[in-house]
Amino acid sequence: MLRRIKAFGAFWYDFVIGDDWLVAAGVVLALALTYALSRTTVPAWWLLPLALAVLLPVSLWREARKR
Amino acid sequence: MGSSSALFIAVFLACVVEAVEATTIVLAAGTARDWRSATSGMAGALAVLAIIVAALGPAVSALPLRGLRLVVGALLLIFGLQWLRKAILRASGHKALHDEDKIFAQQLAAASAQARRQAGLVPDWYGFTLSFKGVLLEGLEVVFIVLTFGANQHDIGLAAIAGAAAVVVVAGAGVAIRSPLSRVPENSLKFIVGIMLTAFGAFWGAEGAGAHWPGSDAALLALIPAIAAFALALVAVMRRSPGGSGRHQTAVPAAATVAERS
């Protein structure tokens, strides 16, 4: 039973989080910051593209360093 | 190109990739085991998927748009970045290319090694479950893409047509040639789909979080080429990094490399 629960959890972790947890954590943080910024008078649309421009190279660099 | 065209292309290409993977599994189950069991498994999975669509379709459409865009945007952004990351690693030589022939051979070897067991009307239970699981898992991704893209852009009909067209084209090709669809440029497709998922994810995620894009839906038409250009630049940089395929070669345009390696 425990093995099945673990396998179920591993499936969803792999499905949603994937190979690099940092990407998922970065996306959630960027969305939270976008929400916070949208409550002010400052435009918030630029934050996610900026987050992508940081997260993708960092994730690639982490993967390349492993090899 | 309007946002409806972008929606159609994104859903069609994403569903082509999933359909190619499902077709490879069904072909392996049919070739190595038994065609009747493999097609029964596929039909069973399609029936389950139809029930899921009937149950979830109206529910997804009824969700508040802002909440839907936030959750779906976050998920698409994570999926898109993971796809793009793998595609860049493949295109730059840091990761082996996705090879449908090799996957087919592995599936075939694994399926051939199993003992045959009849269960009820199914002549070969292993072939049935292999095909069922493959179609159900890949099909769930197709359903997720169609429902979320369609609901977010208020056009489930167009998304459904794009998804159905992809499945029909790929399944038709699979039935016609009865061998893995290795000539489909899957690595290039995954690169493009990664770009589309990331662009739509960023667009909807930001809107769901309360941001307003300059130009509204038209911002997508700037986001897609911008992400594509950035990803191609990263391929070029990664090729020159240690372990990259172009470290000791002369500079080759990254776009040409992505196509050539696929």
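Which pattern does chain A follow, read along the sequence? In this predicted model, the pattern of chain A is α-α-α. Chain A thus has no sheet to describe: its count is three helices and zero strands. The radius of gyration of chain A is 16 Å, well over the 11 Å that the globule rule gives for 67 residues, so chain A is more spread out than a compact globule. The C-alpha trace of chain A spans about 50 × 30 × 10 Å along its principal axes. Of the 67 residues in chain A, 27% count as buried.

Chain B is also described by its helices. Its secondary structure comes to nine helices and zero strands. Along the sequence, the pattern of chain B reads α-α-α-α-α-α-α-α-α. Chain B has 262 residues, and 50% of them count as buried. Contacts in chain B were also sorted by separation along the sequence. Among those with a separation of 6 or more, 81% join residues 24 or more positions apart.

One helix pair of chain B was examined in detail. Helix α5 of chain B covers residues 125-152, and helix α6 of chain B covers residues 156-177. These two helices pack at an angle of about 155 degrees. Their axes lie 7 Å apart. An angle over 145 degrees counts as roughly antiparallel, and α5(B) and α6(B) are therefore roughly antiparallel to each other. The crossing of α5(B) past α6(B) is right-handed. On the α5(B) side, the contact is made by B:Val142, B:Ile145, B:Val146, B:Leu147, B:Phe149, B:Gly150 and B:Ala151. On the α6(B) side, the residues are B:Ile156, B:Leu158, B:Ala159, B:Ala160, B:Gly163 and B:Val167. By class, this contact of α5(B) with α6(B) has eleven nonpolar and two polar residues. It has no charged residues.

The two chains also meet. Here 26 residues of chain B are in contact with 27 residues of chain A. Three helices of chain B each supply at least two residues of the side that touches chain A. They are α3 (65-91), α7 (186-208) and α8 (219-239). The largest share of this side of chain B comes from α3(B), with ten residues. By class, the side of chain B that touches chain A has 17 nonpolar residues. Eight residues on that side are polar, and one is charged.

Definitions and conventions:
Residues numbered from 1 in each chain as written. Chains lettered and ligands numbered in written order. Predicted model: local features only at pLDDT ≥ 70, side-chain atom pairs only at ≥ 80, totals over all residues. Contact = placed C-beta atoms within 7 Å. Helix = DSSP H or I, 4+ residues; strand = E, 2+ residues; numbered from the N terminus. Nonpolar A, V, L, I, M, F, W, Y, C, P; charged D, E, K, R; others polar. Axes fitted to C-alpha atoms, helices over the stretch in contact; angles between N-to-C directions. Parallel < 35°, antiparallel > 145°, perpendicular 65-115°, else oblique. Left-handed = near helix turned anticlockwise from the far one by under 90°. Buried ≥ 20, exposed ≤ 12 C-beta atoms within 10 Å, placed from the backbone. Rg over C-alpha atoms; globule rule 2.2 N^0.38 Å.
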